[in-house]
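Me: I have a model on my screen and would like to go through it with you. Could you walk me through the terms as we meet them?

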Amino acid sequence: MSILVTGGAGFIGSHTCVEMLEAGYDVVVVDNLYNSCAEALHRVEKITGKSVKFYEGDVCDRALLRTIFSENEIEAVIHFAGYKAVGESVKKPMMYYENNLISTIALINVMEEYGVRKLVFSSSATVYAGDNTVPLTEDMKLGAINPYGKTKLFIEEILRDLCASNSDWCVALLRYFNPIGAHKSGLIGESPKGIPNNLMPYISQVAVGKLEKLNVFGNDYETRDGTGSRDYIHVVDLAKGHVKAIEWTLGNTGCDAFNLGTGKGTTVLELRNAFVDVTGIDVPYVIAPRRAGDLDEVYALPDKAKRVLNWQAELTIQDMCEDTWRWQSNNPSGYDE
Ligand code: WQD
């Protein structure tokens, strides 16, 4: 029996493939390589010594999905595939709604055709409304403020309605906080196309000399040092959370949401300083204006995932910095070498 991983060549997807393979599952990946590289899957095979069956193509393509389900005994699905850039989603909302929603609906329908009703969905802390207090708990108010986050919210609602209509389904909605870091081998990691939107890949590209300096988006937030605070979680901890979530779906029914975070906030300058301390490499920065839509503080209460999934994050900010640097210094241009 195999696990289908959509978007499995991506940053979180490739790390999850490693952990699924090492947990003894067979893995099948479908990915259109829009925001990823097939090289990542070769590296997954190198790390694990196991093979990944890879189908290049789009999750919107039902004929392709039917081929995958007819050629493989799929037991459950982890659904990562989707566009994920907040800023791009504001400029191109219809591209995000069409791709992220249509691909998910196509996937659900073909899963139903083949009687596969176990799904782990890659959701996001972005689904929480901006006026919640921290730490965020799964029962708090939802309300995304950008099209990317709205696609995650709409898909959560679609999956809740699906499970309410058919008790054979089991869906885990995993709300990621801020995934950073890389596998300890230095062979896989975050490889954003173009200028990184997110903090850690930007820091590491300054450190490796691809970018001049870090722009710190505001230092007048209500935090320890005035810079934005987020719940950074090591991507390997996050990947292990997916293994636990698959196990939960295989033994349960219904739909439930889980925060995958550490429960701790780290500011922009604290993360930058930790990176400098761990690597010994300076990361010049300037204070720049706030970025629209950013919140002061976002961090999780991760107790439910511990209680229900028997999962908790274990790696530290220092691990995240050290592992990021090993990946970035070994692969200055990511997979584009
Ligand atoms: C973190 C902090 C910035 C870049 C986003 C998505 C979210 C999720 C994770 C998908 C903030 C500051 C950043 C920079 C900076 N992705 N910053 N200079 O915005 O918390 O979350 O990624 O699910 O959906 O919204 O992450 O890394 O962009 O920002 O000062 O060059 O770093 O202001 O305080 P964010 P981020």
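**The ligand and two helix pairs**

Reply: Gladly! Strand S8 (residues 214-217) gives the most to the shell around the ligand, with four residues. Strands (E, at least two residues) and helices (H or I, at least four) are DSSP runs, numbered from the N terminus. This is a predicted model, where local features need pLDDT of at least 70, side-chain atom pairs count only at pLDDT 80 or more, and totals for chains, interfaces and linings use all residues. Residues are numbered from 1 along each chain as its sequence is written, and side-chain values use heavy atoms, with hydrogens and water left out.

Me: What makes a residue one of those that surround the ligand?

Reply: One of its heavy atoms has to lie within 4 Å of the ligand. The shell has 18 residues, and the closest are Thr126, Tyr148, Asn215, Arg230 and Asp294. They divide into eight nonpolar, seven polar and three charged. Here Ala, Val, Leu, Ile, Met, Phe, Trp, Tyr, Cys and Pro count as nonpolar, Asp, Glu, Lys and Arg as charged, and the others, Gly among them, as polar.

Me: Why is the pair between Thr126 and the ligand called a polar contact?

Reply: A polar contact is a pair of N or O atoms within 3.5 Å; within protein, one must be able to donate a hydrogen and the other to accept it, and residues adjacent in sequence count only if both atoms are side-chain atoms. A polar side-chain atom of Thr126 lies 2.6 Å from an oxygen atom of the ligand, so the pair qualifies. For Arg291, the distance to a ligand oxygen is 2.8 Å, and for Asn198 it is 3.0 Å.

Me: How do you know that H3 and H5 meet?

Reply: Contact means heavy atoms within 4.5 Å. On the H3 side, Arg62, Leu65, Arg66 and Phe69 meet residues of H5, including Ile105, Ala106 and Leu107. The residues of this contact divide into seven nonpolar, one polar and three charged.

Me: Where is Ser70, and what does its side chain reach?

Reply: Ser70 is in helix H3, and its side chain reaches the backbone oxygen of Arg66 at 2.8 Å.

Me: Why is the crossing of H9 and H11 called right-handed?

Reply: A crossing is right-handed if the near helix is turned clockwise from the far one by less than a right angle, and left-handed if anticlockwise. The crossing of H9 (residues 268-279) and H11 (residues 317-330) is right-handed, so the near helix is turned clockwise from the far one.

Definitions and conventions:
Axes fitted to C-alpha atoms, helices over the stretch in contact; angles between N-to-C directions.
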